[in-house]
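Let's take a friendly walk through two parts of this protein. Have the sequence and the 3D view at hand as you read.

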Amino acid sequence: MHELPVTRFRAGAVYSAGSADVESFAVGGGRIIATGAHAELADRFPGAPCVDLGDRLVVPGFNDAHAHFADAAQGRLELDVAPAHAPDAPALLRRLAGATPRSSGWVIAAGYDDSLSGAIDREALDAALPDRPVLIRHVSAHWAVLNSAALRELGIDETIVDGGGGSYGRDGAGRLDGRIYERALLSRYVSRSGTGPAPIPAPRPAEVVDAYRAALAEWNAYGITSSCDAFVGGQQLGVHTAAHRAGQRSLRVGMLLAAECYDDYAALGLGTGMGDEWLRIAGVKAFVDGAIGGRTCFVSEPFCGTHDHGLRITSPEELHALVRRVHGDGNRLGIHANGDAAIRMLLDAYEAAQRDDPRPTRHRIEHCSIVDDDIIRRIAALDLIVTPFARYASFYGGRLERWYGKDRTERMFAHRALLDAGVTVAASTDHPASPVSPFAAMQSLVTRTGDDGSLVGAVQRITPAEALAVYTAGSAAATGEERRKGRLLPGMLADFAVLDADPRAVDPFAISEIAAVRTYVDGELVFSRE
């Protein structure tokens with residue numbers, strides 16, 4: 001019988017959640033085949049070459065359990081108007097005016113943050129680019145601003161009415177101001193020409209290949225080896241499939257299929273677990289409400305200084321019907337619910353489905369941002385998996401308390417309370433809604449200190465070891481892959497990162513400065529700084 005070649009790795013420490021550190025492990029056939037003391041593995045595999053990693057820390061490859069890789073790759077073809085490039089409205093408009101249109105003739109920009117760069121409306125966009133369709137997407141991706149040409153292209157005129165979980169902004173005179181919110185925007189990313197709302201032009205999958213490779217290189221450089229793409233419609237599926245067929249083998253991608261396309265996917269027989277170890281269906285994605293940073297989530301108390309309770313994207317009747325159907329088909333659900341009112345509504349649907357049709361499927365709550373003790377109790381009772389924002393405490397900083405007040409901010413992204421209740425917690429940057437670095441995200445989890453210096457819900461701090469577990473074992477569970485990834489134990493995939501410092505040992509405010517020196521996927525080196 002032919003034996004697979006074996007390579008031994010030796011390091012200062014090898015971390016795996018729930019296990020004591022070891023100093024050595026052996027890899028064969030893309031799997032961890034043994035762990036332990038260096039001398040022990042040298043005796044067991046005497047002819048195997050040894051890669052000496054010095055006194056560095058080895059961790060399982062980081063896993064962002066809720067991000068948007070296909071959109072991030074496509075976003076490299078869009079104009080970046082984040083505050084770093086457009087600190088105020090005049091700078092943003094100048095940047096737009098100098099942009100090169102895409103092949104569709106549109107100028108599409110992303111990363112807009114109104115709370116830092118200031119307000120932009122249709123009139124301002126018309127003045128900057130009167131003759132080309134322009135869309136600037138908010139950093140949350142839950143709303144955007146369009147100019148008049150773009151509104152015309154999408155068939156949006158003054159007679160349009162709000163409804164179906166979406167809305168259209170209007171000025172004091174009742175005229176469209178160019179802002180479109182939630183499903184009025186999101187549905188146009190999954191619609192097809194002639195079948196519903198006019199779609200926003202998207203590049204062909206073949207046009208995204210180079211951008212996809214660049215995004216892979218960036219994520220691997222952070223030690224990221226897996227991610228769950230949390231909203232996959234036809235466009236995103238085409239991008240991932242093209243990369244898979246081209247032999248992409250440096251990031252393992254799980255996919256939450258867009259519920260808007262569920263009939264099509266179900267007719268093809270697609271469901272949770274289908275695919276291979278590189279591209280795999282993780283479940284079905286739907287929305288209850290809007291965004292934290294976009295101030296459109298559905299909350300029981302209004303946003304500070306307003307009478308606004310946010311936006312409910314899906315009605316209770318629609319939600320219960322969807323949950324009942326997908327749950328009954330044996331598929332995992334990953335449903336977006338940020339505000340406390342939205343989370344309670346989702347828990348009602350999950351409880352009803354499980355009561356009427358008990359199944360072992362572990363569903364997810366995406367973001368699960370504003371909770372209380374009763375919500376956490378119900379989550380634990382259902383054995384749900386949650387993906388709270390890992391980076392938002394630092395990314396938004398003091399703005400969160402300004403929008404939501406101190407009490408709610410203390411109950412926001414409640415990693416401490418959720419872990420203490422025994423809930424499985426996975427990592428999420430929601431990139432490109434916040435930066436993708438796992439080190440900056442872990443620092444946020446540990447310090448709860450904003451980039452602006454504000455303390456943000458300090459009671460929800462977790463330890464560096466817990467942050468590592470969230471980013472590895474917790475995220476593996478979120479896609480039902482806890483038996484194949486997330487820990488460096490025999491039988492697990494040989495996906496790991498070599499770090500230049502140990503997050504458990506450095507100053508908590510220096511975690512963001514840690515770097516991945518090497519990244520391995522399937523036992524093969526995919527990134528090196530050396």
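What follows is a short report on a strand with its partners and on one arginine.

Please keep in mind that this is a predicted model.

**Strand E14 and its partners**

Start with strand E14, which covers residues 252-258. The strand is mostly covered, with 7 of its 7 residues buried. E14 pairs with strand E13 and also with strand E15, as the table sets out.

| Partner of E14 | Residues of partner | Sense | Bridges | Facing residues |
|---|---|---|---|---|
| E13 | residues 224-232 | parallel | 5 bridges | Val 232 and Leu 257 |
| E15 | residues 279-287 | parallel | 6 bridges | Met 255 and Ile 281 |

How does the chain travel between these strands? From E13, helix H9 (residues 234-245) leads on to E14, and together they form a right-handed β-α-β unit. The path from E14 to E15 then goes through helix H10 (residues 262-267), and this β-α-β crossover is right-handed too.

**Arg 416**

Now move along to helix H16 (residues 415-420), where Arg 416 is found. Is Arg 416 buried or exposed? Its relative accessible area is 18%, and since the cut-off for buried is under 20%, Arg 416 counts as buried.

What does Arg 416 touch? Leaving aside residues up to four places away in sequence, Arg 416 is in contact with Val 459, Gln 460, Arg 461, Ile 462, Thr 463 and Glu 466. With one of these, Arg 461, there is a polar pairing to look at: a polar atom of the Arg 416 side chain lies 3.5 Å from the backbone oxygen of Arg 461.

Note on methods. Residues numbered from 1 in each chain as written. Predicted model: local features only at pLDDT ≥ 70, side-chain atom pairs only at ≥ 80, totals over all residues. Heavy atoms only, no water. Buried < 20%, exposed > 50% of the residue type's maximum accessible area, 1.4 Å probe, protein only. Helix = DSSP H or I, 4+ residues; strand = E, 2+ residues; numbered from the N terminus. Pairing = 2+ DSSP bridges. Right-handed = clockwise from strand over helix to strand, strands pointing away. Polar contact = N/O pair within 3.5 Å; in protein donor to acceptor, adjacent residues only side chain to side chain. Contact = heavy atoms within 4.5 Å.
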